[in-house]
Amino acid sequence: MNRRLTCMAGLAGAAICSVAIAAGGDEAFVAQWPLTLPSPDAGAYQVGLDDAVYATTVSPALRDLVVVNGDGRQVPALLQAAPTPPARLTTQPLAWFPLPATAARAGSDIAAISELDPDGRLRRIQWQPAPGDAPPAALLVDAGTSEVPLQALMLDWGVAEVAFERTMRVEGSEDLREWNPLAAGGRLLDLRRGEARLVEQRIVFDTPVRARYLRLSPGAGAGTMPAIVSVTGESTAVADAPELAWRALEPVGPADGEGGFVFRLDARLPVTHVDIGLDGNATARWTLSVREDDSAPWRTITSDWLVYRVGADDASRTPPRALDTTLRARQWRLVPDAPSAGAAPVLRLGYRAERLVFVAEGAAPFSLRAGSGRAVRVDASVAPLLADLRARDGGRWQPAVATLGARTELAGAAALDDTPPRDWGTWLLWGVLLLGVLLIGGFALSLLRAPKPA
């Protein structure tokens with residue numbers, strides 16, 4: 001009896017396995033694209049999605065978008081938005097002036113010896129060194145021309161005639177009278193040993209600094225500060241966001257009873273911005289709504305949206321409107337606050353293509369599949385893996401870029417049927433399993449009815 005139960009359990013497992021394989025086979029997807037990997041040992045890859053992929057997938061959350069290996073099995077994958085451009089380092093020269101020893105001390109009023117222009121920029125420091133005075137012991141930097149907070153200062157002195165190493169004390173002020181200390185890792189040095197030279201010219205702030213004026217005073221150390229040639233401010237500015245791609249939609253018909261216009265989107269684009277194209281000079285307030293299909297109710301996204309255009313210049317029109325969340329709706333509707341006899345509006349949808357990040361498990365080749373009524377992408381812990389790799393290889397590390405090949409049709413429209421295909425082999429296995437249960441039941445019943453030996 002135990003052997004029979006074991007056999008039936010094995011048959012049940014085989015049936016379940018068969019169902020799982022059938023759910024993700026070629027017949028479950030509309031089409032696929034072969035993936036070309038830049039190197040076979042990168043491990044983690046990313047592939048950018050194009051309009052053809054978005055037009056093939058049908059899931060509102062793109063769950064029917066998967067990557068499979070050479071054995072036809074899904075690999076761990078994660079859908080991500082387009083990466084944010086990395087911050088870039090910007091530099092700009094800053095005006096600077098040497099300060100006498102008396103002006104370098106705490107509590108000194110530098111405003112009394114300073115000449116400013118009407119905009120507050122330093123023109124000069126008015127002082128005359130007396131015979132026997134020490135060389136300038138500090139610097140006054142005019143940082144008011146920097147439009148963004150400063151991350152660091154770079155001091156250039158050419159080549160120091162005498163080796164030195166000094167800490168630097170940095171203070172900030174808005175009026176040249178009240179000075180506040182600023183946290184900075186400032187240790188300047190110019191050391192030589194034979195032909196070797198060790199130089200540090202940067203003063204790095206612990207947090208970005210926005211101050212009108214900066215005072216730099218040497219602290220503990222050895223040697224005399226060399227004559228400064230220039231002072232440069234370093235800042236981190238966010239790179240410009242990538243350009244949006246736009247899809248222009250015409251109304252599918254005339255205005256409805258409420259004066260609204262309906263638009264249909266044939267792809268699951270990740271829409272983040274909307275715009276309305278108006279013909280000629282016009283102004284109106286609009287209500288924007290979305291829904292998935294004809295049977296669903298309209299859901300208002302924004303109302304009282306003022307859109308205008310005056311003249312042909314783009315500067316004389318309403319800028320595109322950013323949405324609060326990414327939308328992939330199939331149907332869009334614009335309703336004006338008052339009926340208009342003008343031309344129908346054009347709805348423009350802005351988006352940035354996403355990427356699918358995957359781990360190349362199993363044998364090559366790898367393919368991207370899309371469009372299915374029943375297959376879904378398996379959730380995988382790809383994000384922690386990417387975080388570990390980025391921590392190991394640097395914050396700017398990115399998965400290797402895979403490229404899409406030519407589209408290949410699989411099951412076509414038949415894959416959009418959400419009814420699982422009838423698997424006769426699985427039904428046969430379940431029939432055998434049921435027959436085995438009936439046989440065991442009959443055997444047990446016959447044992448109970450058999451006469452007991454005297």
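This passage describes selected helices, strands, buried cores and contacts of the structure shown above. The model is a predicted one, in which local features need pLDDT of at least 70 and side-chain atom pairs count only at pLDDT 80 or more, whereas totals for chains, interfaces and linings use all residues. Residues are numbered from 1 along each chain as its sequence is written, and side-chain values use heavy atoms, with hydrogens and water left out.

Helices (H or I, at least four residues) and strands (E, at least two) are DSSP runs, numbered from the N terminus. Helix H4 comprises 12 residues, 382–393, and its end C-alpha atoms lie 16 Å apart, which agrees with the 16 Å expected at 1.5 Å a residue, the expected span being 1.5 Å times one less than the number of residues. Within H4, Val382, Leu386 and Leu389 are buried, a term that denotes under 20% relative accessible area, with exposed meaning over 50% and partly exposed in between (1.4 Å probe, protein chains only). These three residues cover an arc of only 65° around the axis and therefore fall on the same side of H4, where the arc is that of the directions from the helix axis to the C-beta atoms. On the other side of H4, Asp388, Ala391 and Arg392 are exposed. The cover over the buried residues of H4 includes strands S2 (44–48), S4 (77–80) and S25 (355–359), and the helix is followed by Gly394, whose phi is positive, near 115°.

A nonpolar core is here a set of buried Ala, Val, Leu, Ile, Met, Phe, Trp, Tyr and Cys residues joined through side-chain atoms within 4.5 Å. The largest such core has 45 residues, and those with the most contacts inside it are Trp286, Trp332, Phe358 and Leu368. Strand S20 (residues 282–291) contributes the largest share of this core, 4 residues. Another core, of 21 residues, lies apart from it and has Leu139, Val209, Ala211 and Leu216 among its members.

Strand S12 (residues 184–193) runs antiparallel to strand S13 (residues 196–200), to which it is joined by 5 bridges; two strands pair if DSSP finds at least two bridges between them. Asp190 stands opposite Val199 in S13. The two strands, S12 and S13, form a hairpin with 2 residues between them, and Gly194 in the turn has a positive phi of about 65°.

Glu234 belongs to strand S16 (residues 230–237) and is buried, with a relative accessible area of 8%. A polar contact of 2.7 Å joins its side chain to that of Arg202, such a contact being a pair of N or O atoms within 3.5 Å; within protein, one must be able to donate a hydrogen and the other to accept it, and residues adjacent in sequence count only if both atoms are side-chain atoms.

Note on methods: Contact means heavy atoms within 4.5 Å.
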